[in-house]
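Please look at the structure below before reading on. The paragraphs that follow take it one region at a time.

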Amino acid sequence: MRLRVEFTTEPFDLDEAPAHALVAREVVESAALDAVDVGPFGNTAEGGADAVLTAVDALLRKSLAAGATRVSLQVNVIGESDGEGQK
């Protein structure tokens, strides 16, 4: 099964990326994920279920420890790891 996670961390700072946002970016960029898109107002990552769920666990733990006061996320099933299913 393939999953897509979309997430944001708060509080926002438009002048400089806060520590929790940098930690979240580091987590998803270093995870064993197939696709990562990091932006100023939202982030997405895709991969196999185990990789995404492991990354979500680390993302929550590390971004909260780095000062996030809120983490909003959504996880969607997007298909099978063998390429079949919805993409």
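A17 sits in the loop that runs between β1 and α1 (helices, H or I of at least four residues, and strands, E of at least two, are DSSP runs numbered from the N terminus). A17 counts as partly exposed because its relative accessibility is 37% (buried means under 20% relative accessible area, exposed over 50%, partly exposed in between, with a 1.4 Å probe and protein chains only). Its C-alpha atom is 12 Å from that of V38, and the two residues are 21 apart along the chain.

This is a predicted model, in which local features need pLDDT of at least 70, side-chain atom pairs count only at pLDDT 80 or more, and totals for chains, interfaces and linings use all residues. Residues are numbered from 1 along each chain as its sequence is written, and side-chain values use heavy atoms, with hydrogens and water left out.

The loop between β1 and α1 also holds E16. E16 is exposed because its relative accessible area is 58%. From E16 to T54 the distance is 28 Å, C-alpha to C-alpha, with their positions 38 residues apart in sequence. P11 belongs to the loop between β1 and α1 too. The peptide bond joining E10 and P11 is cis, with omega at about 10°.

Helix α1 comes next. Is H20, a residue of this helix, buried or exposed? H20 counts as buried because its relative accessibility is 3%. Neighbours within four places in sequence aside, H20 is in contact with T9, E10, P11, S63, A66, G67 and A68 (contact means heavy atoms within 4.5 Å). P11, just described as the partner of E10 in the cis bond, is therefore among the residues that H20 contacts.

E29 is found in helix α1 as well. Not counting residues up to four places away in sequence, E29 touches V36 and V38. E29 and T54 are 25 residues apart in sequence, and their C-alpha atoms are 13 Å apart in space. S30 is another residue of helix α1. S30 counts as exposed because its relative accessibility is 60%. The C-alpha atoms of S30 and A55 are separated by 9.0 Å, although the two residues are 25 apart along the chain.

The next topic is the whole chain. How many helices and strands does the protein have? Its secondary structure comes to two helices and four strands, and from the N terminus on the order is β-α-β-β-α-β. Among contacts with a separation of 6 or more, 68% join residues 24 or more positions apart. Of the 87 residues, 28% count as buried. The C-alpha atoms fill a box of roughly 40 × 20 × 20 Å along the principal axes. The radius of gyration is 13 Å, which agrees with the value near 12 Å that a compact globule of 87 residues would have (the radius is taken over C-alpha atoms, and the globule rule is 2.2 Å times the number of residues to the power 0.38).

Empty space is a separate matter. Rolling a probe the size of a water molecule over the atoms shows where such space is left. The largest pocket has a volume of about 320 Å³. On a 1 Å grid over the protein atoms alone, a pocket is an open set of points where a 1.4 Å probe fits, with protein on both sides within 12 Å along at least five of seven lines, and lining residues have an atom within 4 Å of a point. Grid points are joined across faces, edges and corners, and a volume is the space filled by probe spheres set on the points.

The largest pocket is lined by 21 residues, and P18, A21, G39, P40 and F41 lie nearest its centre. β1 (2–10) and α1 (19–30) each supply at least two residues of this lining, and α1 gives the most, with five. The lining divides into 12 nonpolar, six polar and three charged residues (Ala, Val, Leu, Ile, Met, Phe, Trp, Tyr, Cys and Pro count as nonpolar, Asp, Glu, Lys and Arg as charged, and the others, Gly among them, as polar).

Confidence comes last. The mean pLDDT of the protein is 89, and 91% of its residues reach 70 or more (pLDDT is the predictor's confidence in each residue, from 0 to 100). Over residues 82–87 the pLDDT is below 50, and this stretch has seven contacts in the model beyond near neighbours in sequence.
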